[in-house]
Amino acid sequence: MNSVERIEKFIDEAQTYYLATLEGNQPRVRPFGTILLYGGKLYIQTGKAKSVSKQLAVNPKAEICAFKDGKWLRVSGELVNDDSRDAIVAMLEKYPELKAMYDPDDGNTQVLYFKNATATFSSFTEAPETLTF
C-alpha cells in the first residue's frame with residue numbers, strides 16, 4: 001500500500017474528518033465525509049454554491065484532520081478544483097447517497113484534489129510520521 005492509499009484508508013475508516021479553510025483572516029472548520037483516491041490523487045467533494053468552495057477559490061490552502069483508534073491524521077496542502085466529469089462520477093459512485101443532492105451535470109458538484117500535500121500521522125504514544133504527496 002503506497003502513502004496516498006494509506007491516507008485514504010485511514011480517512012475512510014475514520015468516516016468523518018474536519019476541513020479547515022480561511023475566510024479573510026477567520027479560520028473556518030466543518031465536518032466532511034467524502035474522500036476518494038482517483039488517478040493517484042486524493043479528492044474531497046463539496047458544492048460550488050457553498051461557502052467552503054468560495055473560500056477555497058480565494059485561498060486554496062487547506063487542512064483536514066481525521067481521528068480514529070487513538071491516532072489522528074492531518075493533511076495539509078492546496079486543494080485544486082477538477083471539473084472533469086469522470087472524477088465527479090467516481091466520487092458519486094463511491095458515495096451513492098450524494099446522488100440525492102448532486103449530479104455530475106448540475107454545475108454545482110465540485111471535486112478537489114490535494115496538491116503539494118503533507119500528511120502527518122500522530123498519536124499520544126508514538127512519534128509522528130510525515131508523508132508528502
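**Pockets, rings and one glutamate**

Glu 63 lies in strand E5, which covers residues 61–68. Keep in mind that this is a predicted model. Beyond that glutamate, the briefing looks at the two largest pockets, at about 190 Å³ and about 150 Å³, and at the aromatic rings, where a search of the whole structure turns up 6 pairs.

**Around Glu 63**

- Glu 63 has a relative accessible area of 28%, so it counts as partly exposed.
- Skipping the neighbours within four places in sequence, Glu 63 touches Tyr 18, Leu 19 and Ala 20, plus Arg 74, Val 75 and Ser 76.
- Take Glu 13 as a reference point: Glu 63 and Glu 13 are 50 residues apart in sequence, and their C-alpha atoms sit 18 Å apart in space.

**The largest pocket**

- The largest pocket holds about 190 Å³ of space.
- It has 13 lining residues, and those closest to the pocket centre are Arg 6, Phe 10, Lys 71, Phe 121 and Glu 129.
- Helix H1 (3–14), strand E6 (71–82) and strand E7 (109–123) are the elements that each give two or more residues to this lining.
- H1 is the top contributor to the lining of the largest pocket, with 4 residues.
- Sorted by class, the lining of the largest pocket comes out at 7 charged, 4 nonpolar and 2 polar residues.
- Two of the residues named at the centre also pair up in another way: Arg 6 lies over the face of Phe 121, at 4.2 Å from the ring centre.

**The second largest pocket**

- For the second largest pocket, the volume is about 150 Å³.
- Its lining is made up of Pro 31, Phe 32, Gly 33, Thr 34, Gln 45, Thr 46, Lys 50, Val 52, Leu 98, Met 101 and Tyr 102.
- Strand E2 (26–32) and strand E4 (41–47) are the elements giving two or more residues to the lining of the second largest pocket.
- By class, this second lining has 6 nonpolar, 4 polar and 1 charged residues.

**Rings and charges**

- The whole-structure search finds 6 aromatic pairs.
- Tyr 38, Tyr 43 and Tyr 113 are joined into a cluster by ring pairs.
- One member of that cluster, Tyr 113, also has a charge over its ring: Lys 41 lies over the face of Tyr 113, at 4.1 Å from the ring centre.

Note on methods: Residues are numbered from 1 along each chain as its sequence is written. This is a predicted model: local features need pLDDT of at least 70, side-chain atom pairs count only at pLDDT 80 or more; totals for chains, interfaces and linings use all residues. Side-chain values use heavy atoms; hydrogens and water are left out. Rings of Phe, Tyr and Trp (its six-membered ring) pair if their centres lie within 6.5 Å; planes under 30 degrees apart count as stacked, over 60 as edge-to-face and the rest as tilted. A charge sits over a ring if NZ of Lys or CZ of Arg is within 6 Å of the ring centre and within 35 degrees of the ring normal. On a 1 Å grid over the protein atoms alone, a cavity is a set of points where a 1.4 Å probe fits but cannot get out, and a pocket is an open set with protein on both sides within 12 Å along at least five of seven lines; lining residues have an atom within 4 Å of a point. Grid points are joined across faces, edges and corners, and a volume is the space filled by probe spheres set on the points. Ala, Val, Leu, Ile, Met, Phe, Trp, Tyr, Cys and Pro count as nonpolar, Asp, Glu, Lys and Arg as charged, and the others, Gly among them, as polar. Buried means under 20% relative accessible area, exposed over 50%, partly exposed in between (1.4 Å probe, protein chains only). Contact means heavy atoms within 4.5 Å.
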